[in-house]
Amino acid sequence: MKRGFGVAGFAAALMAGVMTAAIMTVPAANAEEKVVANGELLRIQEYPGTILHFSQWVAADKGFCEDHGIRCEMVKIPSGPVGLQALAAGSIEVSFASTEVTMQAASRGNDVKLIVGHSPANIYTLNVHADVPRPNKDKGYPAVMQDLKGLNIGVTGRGSGTELQARALFIGAGMDPDDVTYIAVGAPGTAYPSFLARQVDAAMMFEPFGTICRLQKTCGTLVDLVGGEGPAEITSLNGAFETYAARTDFIEENTVAIDAFIQAITEATAWVNDPANFDELLEVVKGRFTLGEEIEDSENVLRELVKSGAPLYGAEIDRTAVKAFSDYLIQNELITDPVDPATFVYAKAPKP
């Protein structure tokens, strides 16, 4: 079903035992044995109103899941913490979040592991409403963070990766992260109407939020984390930024299905990265997402979003970056004990 992203109606429009399986000996693209499960259903978290799901959409729609004997079903959940709650409750089998959100859950005793990567590098931008005074606009980070003192910052959910990264930006700028108020506004589909209504003055978000507000001249980009801006403790996280996770008990009881999912996502990611597949990829995205008629020249805008987004996907998980996440969370007093990548990352998760 297509979901609209027009200005009018944005909020509505965007928003037991081990499984048996046959393992074939046909070589996969990564030279490993091809894993084929037995038709198991894997429900995968999807953020409503976002365009950052190329790999899982392609895995489902271009036959990679089917080829590996699994059924991939998307479940719309608006934030990482809520997704992890659904994972713990058994409402989904695969969650999707920034690695620090999943790591915090693991540090609190939630027995969860990273299984495959989504996007190695940061996907966030901190955007500020065009009407907000910006005396430090030309000074760059960290000076620009002073312009937000006392304002409301929109994040997908309290405790989400977007909030954690926003707080880290303030800390890196030598400010108190509680100099602002964080307000949960959901994924871009609901965040943007809140932004337009000035319920929030700025937002730490991901695409297509930034592109839409720039095109409509409603915002400016304060800090571009996608482009590498921000403090070293954030840039050091590149290599394992957004990841998929599953419960440890589910992995142990359904190893073949999880291994099949890893291969399906890995192959789908390689397909997404290949420029030769651009036209087909665009059609997949159109089947799952649309900007809406209210967006001027929406067809070309969507093409540019797909073109710029496709190279950013990666299935590998850099264990060094995972260690950097642990150090980052300890430094910011968000966890107390280090998280070991050897236990937090599934052994068969792809490596760089």
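How many bridges join β3 to strand β4, and how do the two strands run? The legends below start with that pair and then move through other close-ups of this predicted model.

**View 1. Strands β3 and β4 side by side.** Seven bridges join β3 to β4, and the two strands run parallel. To find them in the structure, look for residues 40–46 for β3 and residues 70–76 for β4. A handy place to start is L42, which stands opposite C72 in β4. Strand β3 is mostly covered, with five of its seven residues buried.

**View 2. A salt bridge between K76 and E46.** Let us stay with the two strands and look at a pair of charged side chains. K76 forms a salt bridge with E46, and their closest N and O atoms are 2.6 Å apart. Because K76 lies in strand β4 and E46 in strand β3, the pair ties together parts that are 30 residues apart in sequence. Are the two partners buried or exposed? K76 counts as partly exposed because its relative accessibility is 36%. E46, at 4% relative accessibility, counts as buried, since buried means under 20%. This salt bridge has company elsewhere, as the structure holds 15 salt bridges.

**View 3. E283 and K286 within helix α12.** Here the partners of a salt bridge share one helix. The side chains of E283 and K286 meet with an N to O distance of 3.6 Å. Both residues lie in helix α12, which covers residues 278–288. They are three residues apart, about one turn of the helix. E283 has a relative accessibility of 49%, so it counts as partly exposed. K286 is buried, with a relative accessible area of 18%.

**View 4. D327 and K323 within helix α14.** Helix α14 spans residues 319–331 and offers another example of a salt bridge inside a helix. The N to O distance between the side chains of D327 and K323 is 2.9 Å. Because these residues are four apart in the helix, about one helical turn separates them. D327 counts as partly exposed at 37% relative accessibility, and K323 is partly exposed too, with a relative accessible area of 40%.

**View 5. A network of salt bridges.** Which residues are linked in a network here? Follow the salt bridges and you will meet R158, E163, R167 and D178.

**View 6. The largest cavity.** About 90 Å³ of space lies in this cavity. Its lining is made of 17 residues, and Y47, G80, S98, Y124 and F206 lie nearest the centre. At least two lining residues come from each of α4 (80–89), β5 (95–98) and α6 (161–172). Which element gives the largest share of the lining? That is β5, with three residues. By type, the lining of the largest cavity divides into nine nonpolar residues, seven polar and one charged.

**View 7. The largest pocket.** The final close-up shows the largest pocket, which has a volume of about 430 Å³. Among the 21 residues that line the pocket, I123, E207, V226, G309 and L312 lie nearest its centre. Helices and strands both take part: β6 (112–119), α8 (209–215), β11 (219–224) and α13 (298–309) each supply at least two lining residues. How do the residues of this lining divide by type? There are 10 nonpolar, eight polar and three charged residues around the largest pocket.

Key:
Residues are numbered from 1 along each chain as its sequence is written. This is a predicted model: local features need pLDDT of at least 70, side-chain atom pairs count only at pLDDT 80 or more; totals for chains, interfaces and linings use all residues. Side-chain values use heavy atoms; hydrogens and water are left out. Buried means under 20% relative accessible area, exposed over 50%, partly exposed in between (1.4 Å probe, protein chains only). Two strands pair if DSSP finds at least two bridges between them. A salt bridge is a side-chain nitrogen of Lys or Arg within 4 Å of a carboxyl oxygen of Asp or Glu. On a 1 Å grid over the protein atoms alone, a cavity is a set of points where a 1.4 Å probe fits but cannot get out, and a pocket is an open set with protein on both sides within 12 Å along at least five of seven lines; lining residues have an atom within 4 Å of a point. Grid points are joined across faces, edges and corners, and a volume is the space filled by probe spheres set on the points. Ala, Val, Leu, Ile, Met, Phe, Trp, Tyr, Cys and Pro count as nonpolar, Asp, Glu, Lys and Arg as charged, and the others, Gly among them, as polar.
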